[in-house]
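Welcome to a short guided tour. Open your viewer, switch to a cartoon view and get ready to select residues as we go.

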Amino acid sequence: MSASAYPTLFSPLRLGSKQARNKVALAPMTVAYANPDGTVSQAEIEHYARRAQGGVGLVITEHFTVSEAGRQLPQQTVVDSEEKIEGLAALAKAVHEEGALIVAQLGHAGRYAGPWDRYEEQPRLAPSALPFRLVGDRVVTPTEMTEQDIADTVADTGRAAALLIEAGFDGVQLHASQGFLPSQFLSPRTNTRSDRYGGSFENRIRFTLECLTEIRFRVGPDPIVGVQLLGDEAAHGGWSLHEAVELAMILETNGADFLLPSVTTFETVRAITAAGEERRWGHQLGATIAIQSAVSVPVLANGGITVPEHAESLVAGGQVAGVALARPLLADPDWVAKAAAGDDIHVCACDPPQCLRTQLTGAVCSGWPEHRQRAGYWGRDEVTEGTK
């Protein structure tokens, strides 16, 4: 693959002890192709392998849950036992065959965990039992976690990481953003605890650090360990960029090999959505650049980056170490190859995006060829597509 007009973007990226072939990553994005029992499906394998085939250096999966208690979606991969390794190994092997590294994002939905239709029967775990709007006008109240619940969840996270490395993944990424459980602990808006997990900055970051420490302990020094970090909650009285920068430095000291900042949570994103901010190029770049300036590990920029010229300028200028693209690579899996060749790239432009409207049943892009939309995913092999 020629470096073409983007020599910095297409130069290798060091991630801990491993090296990606370029500085473009597939960002974690929910596509929900997994089997209902939480095992990896063939559609899931093909989806990720196709993006690797298109030239990215690093594939970061959507959030795989560490336990049934943390599961958010019915078609979500669950990494909780040896029985899941076979499918995970097939996924890692397929991505490696296409020349990319693969890192699995590990998540726990906390108070957003499902099944939502039985929420009151089985209240979900959260730092604090605070009522919130789950969907529409429906208000629910989760169960406050005991310290034993916290210890069990930390252990589940470490176990999931170890299973993924056993399956052949290059590493894992802790999901501590967007309103998932670690970020629920970070925010004073969702964490009103009075014990050692709440109150002060040091207490609110404790759960995230314990998860990171447990992951590193379980996987050892060689696998990549990253963190998707809440860069700014963008809400009065919430988690701030100042706190995110401070935590980023602590994460680096405690074994994080790379960071992927994102701003807002499931709730606070409504404010920037109303203002049209999330459709603006680089809407969360400020937080990302601030965090990169504070740490020496690679920080990846994500959000609104759709064309290679922007990506090259960010990386070549030293503002970030690389870029992580979600919708652009869903819409056009050959984004990297086309950028290198100077060919036209299909840019996702639907509003609201069809991929978000179809996440519960398996994300589909309105920009795909019709036969890909009928198949329900865009994989490598024309012959095997047709069922998930």
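Is leucine 186 buried or exposed? Select leucine 186 and show the surface: the residue is buried, with a relative accessible area of 0%. Here buried means under 20% relative accessible area and exposed over 50%, with partly exposed in between, using a 1.4 Å probe and protein chains only.

Before we move on, some ground rules. This is a predicted model, in which local features need pLDDT of at least 70, side-chain atom pairs count only at pLDDT 80 or more, and totals for chains, interfaces and linings use all residues. Residues are numbered from 1 along each chain as its sequence is written, and side-chain values use heavy atoms, leaving out hydrogens and water.

**Stop 1: around leucine 186**

Leucine 186 sits in helix α4 (residues 181–186). Helices (H or I, at least four residues) and strands (E, at least two) are DSSP runs, numbered from the N terminus. Now select Ala176, Arg204, Ile205, Thr208, Trp239 and Leu247: leucine 186 touches them, not counting residues up to four places away in sequence. A contact means heavy atoms within 4.5 Å. Next, draw a distance from leucine 186 to glutamate 243: they are 57 residues apart in sequence and 9.2 Å apart in space, C-alpha to C-alpha.

**Stop 2: the sheet**

Color the strands. You will find an open sheet of eight strands, in the order β12-β11-β10-β5-β4-β3-β14-β13, with parallel pairing. Two strands pair if DSSP finds at least two bridges between them. At the edges are β12 and β13, each of which pairs on one side only.

Strands of a sheet pair through backbone hydrogen bonds, either parallel or antiparallel.

Select strand β4 (residues 58–65), where eight of eight residues are buried. What lies beside β4? Strand β5 (residues 101–107) pairs with β4 in the parallel sense over six bridges. Zoom in on phenylalanine 64, which stands opposite leucine 106 in β5. Strand β3 (residues 24–26) also pairs with β4 in the parallel sense, over two bridges. Leucine 26 has valine 59, in β4, as its bridge partner.

Keep β3 selected and add strand β14 (residues 322–325): three bridges join these two strands, which run parallel. Valine 24 has valine 323, in β14, as its bridge partner.

**Stop 3: helices on the sheet**

Show helix α3 (residues 147–166), which packs on the sheet and touches β4, β5 and β10 (171–176). The direction of α3 makes about 160 degrees with that of β5. Axes are lines fitted to C-alpha atoms, for helices over the stretch in contact, and angles run from 0 to 180 degrees between N-to-C directions. Then select helix α6 (residues 206–219), which lies across β10 and β11 and runs at about 170 degrees to β10.

For a nice bit of handedness, display β4, helix α2 (residues 85–97) and β5 together: they make a right-handed β-α-β unit. Right-handed means that, with the strands pointing away from the viewer, the path from the first strand over the helix to the second runs clockwise.

**Stop 4: helix α9**

Which residues of helix α9 (residues 285–294) are buried? Leu285, Ala287, Thr288, Ile291 and Gln292 are. They lie on the same side of α9 because they cover an arc of only 160 degrees around the axis; the arc is that of the directions from the helix axis to the C-beta atoms. Add β11 (224–232), α7 (241–253), β12 (258–263), β13 (300–301) and α10 (308–316) to see what the buried residues of α9 pack against.

**Stop 5: backbone surprises**

Most residues other than glycine have a negative phi, and most peptide bonds are trans.

Find alanine 32, in the loop between β3 and α1 (42–53): its phi is near 55 degrees, a positive value. Alanine 32 is buried, with a relative accessible area of 1%. Glutamine 178, in the loop between β10 and α4, also has a positive phi, near 60 degrees, and at 31% relative accessibility glutamine 178 counts as partly exposed. Then visit glycine 114 and proline 115, joined by a cis peptide bond with omega about 0 degrees.

**Last stop: confidence**

Color by pLDDT, the predictor's confidence in each residue, from 0 to 100. The mean for the protein is 92, and 93% of its residues reach 70 or more. Finish at residues 383–387, where pLDDT stays under 50.
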